[in-house]
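Biologist: Could you take me through one part of this model up close? I'd like to hear where it sits, what surrounds it, and then how the rest of the chain looks.

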Amino acid sequence: MGELQVADVRAQVMLSLRTDFENYTTFTPAPHHEKSVQAMLDQVIAWGGALKPLREK
């Protein structure tokens, strides 16, 4: 992915539409997903900040 210049997020979360989304629309992750969801969002935010100068060109 690096050769293709793709910024990837390595943290993954396995969510279920049935158990982690209320009425299949409202995101309400189970408590045991909290740590992995936070790790994934931290990486997304970090990449977003790092790539901001490129988006402004």
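Modeller: Here's a close look at one histidine, His 33, followed by the chain around it. Keep in mind that this is a predicted model. His 33 sits in the loop that links strand S2 (26-27) to helix H2 (34-55). Is His 33 buried or exposed? With a relative accessibility of 11%, His 33 falls under the 20% cut-off, so it counts as buried. As for its company, leaving aside residues up to four places away in sequence, His 33 touches Val 13, Met 14, Leu 15 and Asp 20.

Now step back to the whole chain. Buried residues account for 11% of its 57 residues, and His 33 is one of the buried ones. The protein chain has 2 helices and 2 strands, and reading from the N terminus the order is α-β-β-α. Its radius of gyration is 15 Å, whereas the globule rule gives 10 Å for 57 residues, so the chain is more spread out than a compact globule. Along the principal axes, the C-alpha atoms fill a box of roughly 40 × 20 × 20 Å.

What about contacts along the sequence? Of those between residues at least 6 apart, 40% join residues at least 24 apart. On the outside, the chain exposes about 5,100 Å², with carbon and sulfur atoms supplying 58% of that. Finally, the charges: there are 6 positive and 7 negative side chains, and the centres of the two sets lie 4 Å apart.

How values were computed
Residues are numbered from 1 along each chain as its sequence is written. This is a predicted model: local features need pLDDT of at least 70, side-chain atom pairs count only at pLDDT 80 or more; totals for chains, interfaces and linings use all residues. Side-chain values use heavy atoms; hydrogens and water are left out. Helices (H or I, at least four residues) and strands (E, at least two) are DSSP runs, numbered from the N terminus. Buried means under 20% relative accessible area, exposed over 50%, partly exposed in between (1.4 Å probe, protein chains only). Contact means heavy atoms within 4.5 Å. The radius of gyration is taken over C-alpha atoms; the globule rule is 2.2 Å times the number of residues to the power 0.38. Accessible areas come from the Shrake-Rupley method with a 1.4 Å probe; for residues, only the protein chains shown count as cover. Lys and Arg count as positive and Asp and Glu as negative; His and the chain ends are not counted. The place of a charge is taken as NZ of Lys, CZ of Arg, CG of Asp or CD of Glu.
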